[in-house]
Amino acid sequence: RQFAYHPCVHNSKISRDMWRLSRQSLFLTFLLHFLLQPPWSLHALKQSEPLRKLYIVYLGERKHDDADLITDSHHEMLASVLGSKEEALESIVYSYRYRFSGFAARLTKAQASKIRGLPDVVSVRENQIHRMHTSRSWDFLGMDYRQPNGLLAKAKYGDDIIIGVIDSGITPESPSFADDGYGPPPSKWKGICQVGPSFEAKSCNRKLIGARWYIDDDTLSSMSKSEILSPRDVEGHGTHTASIAGGNIVQNASILGLAAGTVRGGAPHARVAMYKACWSGGGCSAAGQLKAMDDAVHDGVDILSLSIGGPLEDSGTLHVVAKGIPLVYSAGNDGPIAQTVENSSPWLLTVAAATMDRSFPVVITLGNNDKFVAQSFVLLGTASQFSEIQLYENDDCNADNIDSTVKGKIVFCFLAKFDPEPDYYNITKATGGQGGTGVILPQFYTDSLLGDVPLTLPIPLVPVDYEVAYRIYQYIKENDGTPKVKISLTRTTIGTEVSAPKVAVFSSRGPSPVYPGVLKPDIAAPGVSILAASPKTAVYERVSYHFDSGTSMSCPHVSGIIAVLKSLHPEWSPAALKSAIMTTALTYDNNGMPIQANGRVPKIADPFDYGAGFVNPNMAADPGLIYDINPSDYLKFFNCMGGLGSGDNCTTVKGSLADLNLPSIAIPNLRTFQVATRTVTNVGQVNAVYKAFVQAPAGVEMVVEPPVLVFCKERRVQSFRVTFKATRKVQGDYRFGSLAWHDGGSHWVRIPIAVRIVIEEIYSKIS
């Protein structure tokens, strides 16, 4: 048989799971048979039948506790439209039955429309394909695993917390997922180890306690030929993110000698469960992703980490949070453009990416002995000798123009215009292919370049800023002889000489186009040049750990921190954990300067860059006050039916979101004045007095009532009002401020504020 079951699965459930998994196997057999039909057969089928696509039918809250009855009701609903139960069984791909009700099925447009009109149907939408968006990072965050009285030790290193990861699969042989020293999985665990090619039952262990995989025709038709129909990771994304969140402590890790140190996850003793819903080349099916969430809730995970994004909010996520499971999502990699942040539902924890205090400097020395420092990965070659420079200017700087004249030389590109940026990868590849020894070219930023790509190139690629590029160009033009240059080997530098953190240029920015009244992203964490576990594929055959950058890397950092906090405070709700993370965040870098945001024009970061700031796990463990939210409170502010609103998203607002008890305030349309109400719960010293400290947005008067909160044993929960009054009648952009409650000691409970004064109801900033 193709599937095996985890020994912790209750025997009474095995027959049901076998039936369900057998149906998935039958579906795969049918689908593969369909795809292998000769072209004439497919053509005839297309002509005789209307086009069927995968649709997600969302039904909201469950009406039965018995999951099998829920699945039966899905079959009956489909049969009422398709004409028979046999057709319903052939059409259905996933049944969502554990925390909410719904299903994914292959339907024609007319059938989907008919289902949309049935009673109890909340929404029907076509399936979407989402995108998949560390040796130093945890030390930079202050989470030293060697401190006997440190945060990790107090939290028992996240022992027995179960981190669920929805991603591209996992590499079970990685040392990050070895189970030496672990006991049996927690008794609440009900998951399975779903096997397949290159993934046996023994691939799961006491560390990697479960694995599942999800495939449908939307991903199968476009995925890479190298993919494997099992939880095995071919793409590498899932192995990397899972090891960042909950990987073991692995010493003496590096990539070809760079970034040497101890690699570990945020909660190194946590258990990991992988839900493979993302496929190399095929992306992440929203239908499969939703089924993975449904299974994860049933299996017993404590946290779900999703480094995935798309244009629409994921249906069903509120049900997961209502079950007490924090959902941590990446913010997206479309920065520094405004309004690109994804995954902005207010019950999610949305993570931006930032740098850390590590750099990889190289020294460029010109023939006249002028020296410049850049960042790159130069591990071999001509570091001690000068090479002749071959200049390419403007449009001549492209791979097609690189010829044999570059042999033994270093190519330098000079661009008089900044757009479009040069195709650095193909230029470097072509130069190496023609015998060149290196490439220097201008680039606005290096955040996304300092990953694996430069290490796959045949020769060094060194990006420089435009000032350095001009100086090199000037040297070439003014040199009467042969212009020469040499590039040093890379060294690894850490510490305060590297100002950090800085918001990464690629990190998606707010405000949210879906929820203008919700400040997003929520928090920033390390996401640039993160060293974590590699897949077992030909591309990574020389390395067990590799670099990657993206909000995909910052997301599991916060997931690991949440695991540690949940171990310390098991009674805290997802909203309380999110509040602790946000209200203790840093807005200053390691040199005491305001955090910057990288971009074509670097600037001081604001809440649309990093939310509340840069995550500070040690302070988050003791936040003083928390802004808590009961999941039912969300339904007071949205026209939601069981967690989803009219249309496709829970985005139709009943009233002002200013009163939703978030640890932030966003007012996108302040005309004259507006009042926001918040409630805080004391989780620190029983008897405490907190005073309000206000930093009002420019052009706005801000008053807090009462300005002092007095807590005692009988009064742990208190509310306050914040009044915003426009002092200038102008159609403005967003302005930023903050409100902090201070107890006179170590607690500064700070929330970010974003306000836009408007005159016209709908005002586009595009002219």
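The following legends describe close-up views of a predicted model.

**View 1. Edge-to-face pair of Tyr-690 and Phe-711.** Across the whole structure, a search finds 15 aromatic pairs. One of them joins Tyr-690 and Phe-711 in an edge-to-face arrangement, with 5.9 Å from centre to centre and 90 degrees between the planes. Tyr-690 belongs to strand β37 (residues 688-695) and Phe-711 to strand β39 (residues 708-711), so the contact ties together parts that are 21 residues apart in sequence. Tyr-690 and Phe-711 are both buried. The backbone adds a further link between these strands: β37 and β39 pair in the antiparallel sense over four bridges. Within β39, Leu-709 is the bridge partner of Tyr-690.

**View 2. Edge-to-face pair of Phe-720 and Trp-741.** The ring centres of Phe-720 and Trp-741 are 5.0 Å apart and the planes stand at 65 degrees; because planes over 60 degrees apart count as edge-to-face, the pair is assigned to that class. Phe-720 is located in strand β40 (residues 717-726) and Trp-741 in strand β41 (residues 734-742), and the pair links these distant parts of the chain, 21 residues apart. Both Phe-720 and Trp-741 are buried.

**View 3. Open sheet of five strands.** The strands follow the order β35-β42-β41-β37-β39, and their pairing is mixed. The edges are occupied by β35 (665-670) and β39, each of which has a single partner strand, so one side of each is left without a neighbour in the sheet. On average, neighbouring strands of this sheet are turned by 20 degrees against each other, direction ignored.

**View 4. Aromatic cluster of Tyr-58, Tyr-96 and Phe-100.** These three residues, Tyr-58, Tyr-96 and Phe-100, form one aromatic cluster.

**View 5. Salt bridge between Lys-53 and Glu-126.** The structure holds 23 salt bridges. In one of these, the side chains of Lys-53 and Glu-126 meet at 3.6 Å, N to O. Lys-53 is part of strand β1 (residues 53-60), whereas Glu-126 is part of strand β4 (residues 123-126), so the salt bridge ties together parts that are 73 residues apart in sequence. Lys-53 is partly exposed, its relative accessible area being 34%. Glu-126 is also partly exposed, with a value of 35%.

**View 6. Salt bridge between Arg-264 and Asp-139.** The closest N and O atoms of Arg-264 and Asp-139 are 2.7 Å apart. Arg-264 lies in the loop between β9 (258-263) and β10 (271-276), and Asp-139 in helix α6 (residues 137-140), so the pair ties together parts that are 125 residues apart in sequence. Arg-264 has a relative accessible area of 2% and is therefore buried, the limit being under 20%. Asp-139, by contrast, is partly exposed, at 27% relative accessible area.

**View 7. Salt bridge between Arg-271 and Asp-160.** The side chains of Arg-271 and Asp-160 meet at 2.8 Å, N to O. Arg-271 is placed in strand β10 and Asp-160 in the loop between α7 (151-154) and β6 (162-167); the pair thus links distant parts of the chain, 111 residues apart. Arg-271 is buried, with a relative accessible area of 2%, while Asp-160 is partly exposed, with 32%.

**View 8. Network of salt bridges.** Arg-212, Lys-291, Asp-294, Asp-295 and Asp-299 are joined into one network by salt bridges that share partners.

Definitions and conventions: Residues are numbered from 1 along each chain as its sequence is written. This is a predicted model: local features need pLDDT of at least 70, side-chain atom pairs count only at pLDDT 80 or more; totals for chains, interfaces and linings use all residues. Side-chain values use heavy atoms; hydrogens and water are left out. Rings of Phe, Tyr and Trp (its six-membered ring) pair if their centres lie within 6.5 Å; planes under 30 degrees apart count as stacked, over 60 as edge-to-face and the rest as tilted. Helices (H or I, at least four residues) and strands (E, at least two) are DSSP runs, numbered from the N terminus. Buried means under 20% relative accessible area, exposed over 50%, partly exposed in between (1.4 Å probe, protein chains only). Two strands pair if DSSP finds at least two bridges between them. Axes are lines fitted to C-alpha atoms, for helices over the stretch in contact, and angles run from 0 to 180 degrees between N-to-C directions. A salt bridge is a side-chain nitrogen of Lys or Arg within 4 Å of a carboxyl oxygen of Asp or Glu.
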